[in-house]
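Work through the following exercises with the sequence and the model side by side. Try each task before you read the solution beneath it.

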Amino acid sequence: MKSPETVKMEERFRELRRKVYTYPNARINQLMDLQFIDCSAEEKTLTLGFDVEWWMMNPFDTMHGGMICTAFDMTFGSLAIVLSDKTWTPTIQLAVSFIRPIGPGAHLRVKVHAASIGKTVSNLTGEVTKAGSDTVYATATAVFFMAK
């Protein structure tokens, strides 16, 4: 059973997603179509999933590194927002390590953890796996500015 804090966190994410997906015109957030999988207020984690589509591929038919960075950035930013009272948390630093290539059609999971959510900055870590597997395809660390 989910704690009241985790239920509130999930509701806050769903509200954030509704706002992001109602922007006019297609933006990267809409194109990536990240889906909620799980969260934990106690562990300060958020897991989002998405399907790897052909438009995300590089010339070698593997997922473009920039798309992996985008998935991390969107998931990190969402976690920073839902764990705070902020509505905007721009990225200060994002470091990604690409471990294995990802082909088209994969369903990926981006799980991120907040090491700290401060008044000014937040520090986060994360990893990308495929659904149903513990194999890690990419890892990342990030720092977000807690703007407003």
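**Exercise 1.** Find the partner with which arginine 18 forms a salt bridge, and work out how the two residues are placed along their helix.

*Solution.* Begin with the side chain of arginine 18 in this predicted model, and look for a carboxyl oxygen of Asp or Glu within 4 Å of one of its nitrogens, since that is the cut-off for a salt bridge. The partner is glutamate 15, and the closest N and O atoms of the pair are 3.0 Å apart. Next, count along helix α1, where arginine 18 and glutamate 15 are 3 residues apart, so that about one helical turn separates them. Finally, consider the surroundings of glutamate 15, which counts as partly exposed because its relative accessibility is 34%, a value between the limits of 20% and 50%.

**Exercise 2.** Which parts of the chain are tied together by the salt bridge between aspartate 33 and arginine 17?

*Solution.* First check the distance: the side chains of aspartate 33 and arginine 17 meet with N and O 2.9 Å apart. Then locate each partner, and you will see that aspartate 33 lies in the loop between α2 and β1 whereas arginine 17 belongs to helix α1, so the pair ties together parts that are 16 residues apart in sequence. Both residues are partly exposed, aspartate 33 at 35% relative accessibility and arginine 17 with a relative accessible area of 21%.

**Exercise 3.** Which residues are joined into one network by salt bridges that share partners?

*Solution.* The network consists of Lys2, Glu10 and Arg14. Within this network, glutamate 10 forms a salt bridge with lysine 2, and their closest N and O atoms are 2.6 Å apart. Now compare each of these two residues with the cut-offs: glutamate 10 is buried because its relative accessible area is 14%, which falls under the 20% limit, whereas lysine 2, at 43%, counts as partly exposed. To close the count, the structure holds 4 salt bridges in total.

**Exercise 4.** In what order do the strands of the open sheet follow one another, and which strands lie at its edges?

*Solution.* Tracing the 6 strands across the sheet gives the order β1-β2-β4-β5-β6-β3, with antiparallel pairing. The edges are formed by β1 (35-40) and β3 (91-98), each of which pairs on one side only. From one strand to the next, the twist averages 20 degrees. As a closer example, take strand β4 (residues 107-117) and strand β5 (residues 121-130), which pair in the antiparallel sense over 9 bridges; here leucine 108 stands opposite lysine 130 in β5. To add the helices, note that α1 (residues 4-20) lies across β1 and β2 (45-51) and runs at about 150 degrees to β1, while α3 (residues 65-82) lies across β2, β3, β4, β5 and β6 (136-145), at about 130 degrees to β3.

**Exercise 5.** Is phenylalanine 98 buried, partly exposed or exposed, and which residues beyond its neighbours within four places in sequence are in contact with it?

*Solution.* Start by placing phenylalanine 98, which is found in strand β3. With a relative accessible area of 47%, phenylalanine 98 is partly exposed. Leaving aside neighbours within four places in sequence, the contacts of phenylalanine 98 are Gly65, Ile68, Cys69, Tyr137 and Ala138.

Conventions: Residues are numbered from 1 along each chain as its sequence is written. This is a predicted model: local features need pLDDT of at least 70, side-chain atom pairs count only at pLDDT 80 or more; totals for chains, interfaces and linings use all residues. Side-chain values use heavy atoms; hydrogens and water are left out. Two strands pair if DSSP finds at least two bridges between them. Helices (H or I, at least four residues) and strands (E, at least two) are DSSP runs, numbered from the N terminus. Axes are lines fitted to C-alpha atoms, for helices over the stretch in contact, and angles run from 0 to 180 degrees between N-to-C directions. Contact means heavy atoms within 4.5 Å. Buried means under 20% relative accessible area, exposed over 50%, partly exposed in between (1.4 Å probe, protein chains only).
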